[in-house]
Amino acid sequence: MAVGGSLAVQGPARNYEGGITAFVVITCVVAATGGLLFGYDLGISGGVTSMDDFLLKFFPSVYHKTKDESHHESQYCKFADEILTLFTSSLYIAALVASFVASVVTRVYGRKISMILGGLAFLIGAILNGIAMNIEMLIIGRLMLGVGVGFANQSVPVYLSEMAPAHIRGALNIGFQMAITIGILAANFINYGTAQIEGGWGWRVSLALAGVPAILMTVGSFFLPDTPNSIIERGHHDEAKRMLQKVRGTENVDYEFQDLVLASEAANRVEHPWRNILQPRYRPQLVICTLVPFFQQLTGINVIVFYAPVLFKTLGFGDNASLMSSAITGVVNVVATLVSIFSVDKFGRRGLFLVGGTQMLICQIAVGALIGLNFGVTGEGSFSKVEANLLLALICIYVAGFAWSWGPLGWLVPSEICPLEIRSAGQSINVSVNMFFTFIIAQAFLSMLCDMKFGLFFFFGGFVILMTIFIFFFLPETKNVPIEEMNRVWKAHWFWGKYIPDEAIIGADPEK
């Protein structure tokens with residue numbers, strides 16, 4: 001048996017009938033717009049915090065520090081300010097708390113309702129940020145944005161995994177990550193454009209335009225059907241079967257519907273999913289739903305996504321050059337995510353994880369070395385034009401590695417591996433761990449850069465080594481496996497198999 005996983009399963013897997021229908025593609029595209037919320041915010045905050053007018057209004061001490069040429073202060077420390085980082089990080093602590101509430105809403109009322117609530121909360125936050133007159137109003141707006149992100153990130157990946165046929169589940173689920181990257185890219189170019197507005201109010205446009213993806217998601221979700229899994233979960237079997245037939249484009253859905261009903265019956269016997277997920281039989285799902293988002297954030301990607309303009313400005317790029325450089329990384333992010341969409345169901349999850357991890361590690365070492373050679377530990381130095389272009393190229397290659405591996409797969413894998421009885425709890429753990437460490441990185445990065453200098457990139461590189469080893473040994477391949485039959489994969493795994501009881505395998509006998 002291959003270390004890290006086997007493609008063998010216990011008994012034959014179901015081959016459900018039905019193909020790719022326009023209905024399921026359209027619903028998944030609409031649902032995936034929830035990723036625009038998350039992506040737009042990821043991209044917008046770093047650009048706004050590098051704008052002079054924004055800093056002068058809310059963080060004058062930081063503004064004056066960046067403009068003061070009379071002191072030879074380390075380039076690493078010019079943006080280090082706890083309240084400035086709180087502007088970025090407060091959203092993610094709110095998203096963490098909201099994800100637990102969203103878990104209950106998603107299970108009891110369905111995925112659709114959770115998406116609508118997320119869109120409305122995000123819209124309120126965008127309005128508050130756009131009209132903010134003081135730092136308190138700004139932070140409250142960020143907290144509301146966090147509620148929206150928590151609900152969207154809880155419900156959208158689950159919705160996509162449940163709607164999609166097994167053989168294209170990866171591609172459709174990565175539509176969520178694709179929307180995130182489009183949101184980041186749009187935010188980067190909007191920041192570049194609004195920075196040119198005279199009069200000191202360009203940052204308001206950047207923040208207020210977050211309302212556009214919020215409206216798209218809220219309105220779009222009103223017209224979405226709920227998933228067959230969710231409809232069964234709430235006891236409407238006839239309606240669920242009709243929806244499954246519509247989604248799959250065929251009347252013959254008996255095998256798949258039977259498996260969904262069996263999974264739902266097992267789920268209904270579980271009164272406390274949070275307590276249940278701690279049982280040994282769910283140990284693989286608990287570990288993966290915890291460690292994958294943990295490692296996803298410790299790749300260091302948010303150093304680039306949140307603070308790319310600030311980082312480039314710190315390293316000597318001009319105002320416009322720093323914003324344009326971050327926009328270039330945004331383009332790379334989108335293109336590389338397209339690669340993942342077309343390859344994830346062909347080459348599998350493990351291969352992309354391992355290749356992407358190796359690529360990111362090499363780039364992080366090179367970036368850290370390049371910054372160290374030019375700025376040393378004092379933070380005094382500069383890049384030549386050639387060195388600046390090389391740094392940008394290395395960061396783009398790093399972003400590409402993340403975008404076709406840990407970016408989309410960090411959302412896909414946890415959303416597809418959990419049986420129905422713990423799915424909401426598992427996804428909530430995934431979102432909450434993700435948001436918690438996003439908060440930690442967002443809050444600590446500028447101080448870490450000040451204290452650790454170029455060594456910060458080696459710090460994140462160490463975690464990339466650990467996470468790549470973890471994937472190699474402990475993540476089995478899940479491509480083309482029906483979501484309700486995922487326990488077959490765990491049962492066949494060299495390490496996780498001992499945790500999975502035989503009765504957990506649904507549909508092992510095709511005549512059952």
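A salt bridge is taken here as a side-chain nitrogen of Lys or Arg within 4 Å of a carboxyl oxygen of Asp or Glu. By that criterion, Asp-254 and Lys-241 are joined by a salt bridge, with N and O 3.1 Å apart. The pair connects helix α13 (residues 254-268), which holds Asp-254, to helix α12 (residues 237-248), which holds Lys-241, across 13 residues of sequence. Both partners can be seen in part from outside: Asp-254 is partly exposed at 42% relative accessible area, and Lys-241 is partly exposed at 27%. The structure in question is a predicted model, and the salt bridges are a friendly way into it.

Twelve salt bridges are found in a search of the whole structure. Side chains of opposite charge can pair when their charged atoms come close. One of the twelve joins Arg-142 and Asp-41, whose closest N and O atoms are 2.4 Å apart. Here the link spans distant parts of the chain, since Arg-142 belongs to helix α7 (residues 135-163) and Asp-41 to helix α2 (residues 34-48), with their positions 101 residues apart. Unlike the partly exposed Asp-254, Arg-142 is buried, at 0% relative accessible area, and Asp-41 is buried as well, at 1%.

A further salt bridge is formed by Glu-256 and Arg-248, with 3.0 Å between the closest N and O atoms. Glu-256 counts as buried at 9% relative accessibility, and Arg-248 counts as buried at 5%. Beyond single pairs, a network arises where salt bridges share partners, and its members are Arg-107, Arg-111, Glu-162, Glu-233 and Arg-423.

Turning to the overall fold, the chain contains 23 helices and zero strands. Of its 512 residues, 62% count as buried. Among contacts between residues at least 6 apart in sequence, 81% join residues at least 24 apart. About 18400 Å² of the chain is exposed, and 68% of that area is supplied by carbon and sulfur atoms.

Helix α20 (residues 406-417) offers a good view of the covered part of the model. Its twelve residues reach 16 Å from the first C-alpha to the last, close to the 16 Å expected at 1.5 Å a residue. The helix is mostly covered, and twelve of its twelve residues are buried. Among them are Trp-406 and Trp-411, the prolines Pro-408 and Pro-414, and the charged residue Glu-416.

On the outside, a nonpolar surface patch of about 520 Å² is built from Val-104, Val-108, Tyr-109, Ile-113, Leu-117 and Leu-120. Two elements, α5 (82-109) and α6 (111-130), each give two or more residues to this patch. Val-104 lies in helix α5. Its relative accessible area is 48%, so Val-104 is partly exposed, and this value is above the 30% that membership of a patch requires.

Cysteines make a useful check on covalent links. A disulfide is a covalent bond between the sulfur atoms of two cysteines. The whole structure has zero disulfides. Why does Cys-289 remain unpaired with Cys-418? The closest cysteine sulfur to that of Cys-289 is in Cys-418, and the two are not bonded because 3.7 Å is too far, the cut-off for a disulfide being 2.5 Å. Cys-289 counts as buried, at 0% relative accessibility. Cys-28 is also buried, with a relative accessible area of 1%.

The loops hold some backbone features of interest. Most residues other than glycine have a negative phi, and most peptide bonds are trans. Lys-453, although not a glycine, has a positive phi of about 55°. This lysine is located in the loop between α21 (420-452) and α22 (455-474). Asn-480 is another residue other than glycine with a positive phi, near 65°. Its place is the loop between α22 and α23 (487-492), and at 37% relative accessibility Asn-480 counts as partly exposed.

Lys-453 reappears in the surroundings of Gly-376, a residue of the loop between α18 (349-375) and α19 (385-403). With neighbours within four places in sequence left aside, Gly-376 is in contact with Tyr-76, Ile-371, Lys-453 and Phe-454. Gly-376 and Gly-455 are 79 residues apart in sequence, while their C-alpha atoms are 9.8 Å apart in space.

Technical notes
Residues are numbered from 1 along each chain as its sequence is written. This is a predicted model: local features need pLDDT of at least 70, side-chain atom pairs count only at pLDDT 80 or more; totals for chains, interfaces and linings use all residues. Side-chain values use heavy atoms; hydrogens and water are left out. Patches are made of residues with over 30% relative accessible area and no salt bridge: like charges are joined within 9 Å, nonpolar side chains (Val, Leu, Ile, Met, Phe, Trp, Tyr) within 5 Å. Accessible areas come from the Shrake-Rupley method with a 1.4 Å probe; for residues, only the protein chains shown count as cover. Helices (H or I, at least four residues) and strands (E, at least two) are DSSP runs, numbered from the N terminus. Buried means under 20% relative accessible area, exposed over 50%, partly exposed in between (1.4 Å probe, protein chains only). Contact means heavy atoms within 4.5 Å. The expected span of a helix is 1.5 Å times one less than its number of residues.
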